[in-house]
Amino acid sequence: MSSDPWGRVDETGTVYVRTADGEQVVGSWQAGSPEEALAYFERKYEGLVVEIGLLERRVKTTDLSAKDATAAIEHLRQQVDEHHAVGDLAALGKRLDALVATVDSRREERRVQKAKQTDEARGAKEALVVEAEELAQSEQWRSAGERLRALVDTWKGLPRLDRKSDDELWHRFSHARSVFSKRRKAHFAALDAQREEARKVKEKLVAEAESLSGSTDWGATAARYRDLMTEWKAAGRAQREAEDELWNRFRGAQDVFFAARSGVFAERDAEQGENLKVKEELAAEAEKLVPVTDLKAARAAFRALNERWEAVGHVPRDARPKVEGRMHAVERALQEAEESEWRRTNPEARARAEGLTGQLQAAVDKLRTQIDTARASGNNARADKLSRELEGRQALLDQALKGLEEFGG
């Protein structure tokens with residue numbers, strides 16, 4: 001019979017292991033000595049020690065799942081409980097118990113972590129849903145569309161929730177995207193309709209602009225082009241390609257007209273500049289007639305100059321008042337000279353002037369006689385009074401005599 005601290009072999013070859021509950025049969029050994037039997041079952045024990053050690057390291061250092069770890073523990077525990085090895089089986093049981101506790105602890109940690117991740121994922125997905133529902137009402141079509149696409153990518157990167165919760169949130173998220181998509185399609189459909197209407201309006205404006213490009217009714221046509229431009233701006237934009245093509249035609253038609261008008265106006269400005277030089281020369285000749293010495297000759301000369309003046313075309317608008325003013329000044333001088341001559345040669349006016357002069361002369365002579373008489377009689381007060389009256393009558397007589405001189409005297 002052979003034995004060691006943890007087991008023995010009896011005379012029949014039965015191998016026992018010592019446990020807290022007493023000896024347990026390990027197996028039977030008939031092939032060799034009792035020492036070899038104990039050594040064999042001790043090696044089996046060492047094998048269990050190695051396997052448990054490996055499992056402990058896997059549990060502590062890898063992401064071995066709780067399910068797989070539990071299955072491995074149960075497999076090893078079964079081998080320990082079946083007593084097919086010689087050694088401190090109780091110690092192995094304790095190590096397995098400790099592993100169970102470790103696995104349970106890690107399972108709880110993972111459960112808590114998973115719950116936390118789930119809560120975070122739920123919060124993140126709810127935030128995505130809220131933002132998507134806000135974006136669904138946006139009219140920033142480009143930026144909102146890009147943001148919604150980015151939200152989809154973010155959603156895909158988040159963990160799934162329980163099926164019911166995940167489906168409900170996804171339904172809201174998807175619905176918000178659909179609402180935005182429908183609104184955007186409706187908007188661009190309306191925009192396309194507006195642009196098509198704008199294209200039709202602008203085609204009519206282009207047709208009219210092109211029909212006017214050869215007009216020579218400069219003022220009215222230029223005004224109509226301004227009206228067409230106002231209508232063009234009010235029509236809104238057509239599709240980009242159509243807009244560019246129509247604008248080039250519209251602008252081209254205007255350019256043709258205004259280039260032609262500019263050419264004509266340039267010729268007219270040059271011609272009017274020459275006309276101004278001629279009229280300035282005529283005005284200078286007319287100004288030589290003043291002061292008037294020979295009314296008849298001056299009248300004839302001015303009439304000839306005026307005929308030449310009328311034959312000259314238009315002058316620049318800003319120069320017209322000055323040069324015409326010079327001719328008007330000469331014409332007024334001739335009119336004044338003519339009026340003066342008429343007064344001088346008018347018989348009725350001369351008779352009235354002579355009659356008034358005679359009356360005033362008689363009144364002056366009478367006052368002088370009265371003054372002499374008053375002084376001779378010593379009535380100086382009356383003489384002074386009559387003298388003051390004489391001064392007034394004498395002034396009137398002097399004016400009348402001067403007027404009579406204008407009639408040749």
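Helices, as named here, are DSSP runs of at least four residues, numbered from the N terminus. With that naming, His83 can be placed in the loop between α2 and α3. The model is a predicted one, and the following paragraphs go from this loop to the charged pairs and then to a proline further along the chain.

His83 stands out for its backbone. Its phi is near 55°, a positive value in a residue that is not glycine. Most residues other than glycine have a negative phi. As for its surroundings, His83 has a relative accessibility of 21% and therefore counts as partly exposed, because the buried class ends at 20%.

The two helices that flank this loop are also joined by a pair of charged side chains. Arg77 and Asp97 form a salt bridge, with N and O 2.8 Å apart. Arg77 belongs to helix α2, residues 66–81, and Asp97 to helix α3, residues 89–135; the partners are 20 residues apart, and the pair links distant parts of the chain. Arg77 is buried, at 18% relative accessibility, whereas Asp97 is partly exposed, at 42%. In general, side chains of opposite charge can pair when their charged atoms come close.

The structure contains 25 salt bridges. One of the others brings together Asp166 and Arg160, whose closest N and O atoms lie 3.2 Å apart. Here the two partners fall into opposite classes: Asp166 is buried, with a relative accessible area of 3%, while Arg160 is exposed, at 58%.

A further salt bridge is found within a single helix. Lys164 and Glu168 meet through their side chains at 2.7 Å, N to O. Both residues lie in helix α5, which covers residues 163–212, and a spacing of four residues places them about one turn of the helix apart. Lys164 is exposed, with a relative accessible area of 58%, and Glu168 is partly exposed, at 43%.

Salt bridges can also share residues. Arg8, Arg18 and Glu23 are linked in a network of such contacts.

The last feature concerns the backbone again. The peptide bond that leads from Val290 to Pro291 is cis, its omega being near 0°. Most peptide bonds are trans. Pro291 is located in the loop between α7, residues 240–287, and α8, residues 295–311. Both backbone features described here thus occur in loops: the positive phi of His83 in the loop between α2 and α3, and the cis bond before Pro291 at the loop between α7 and α8.

Note on methods:
Residues numbered from 1 in each chain as written. Predicted model: local features only at pLDDT ≥ 70, side-chain atom pairs only at ≥ 80, totals over all residues. Heavy atoms only, no water. Salt bridge = Lys/Arg side-chain N within 4 Å of Asp/Glu carboxyl O. Helix = DSSP H or I, 4+ residues; strand = E, 2+ residues; numbered from the N terminus. Buried < 20%, exposed > 50% of the residue type's maximum accessible area, 1.4 Å probe, protein only.
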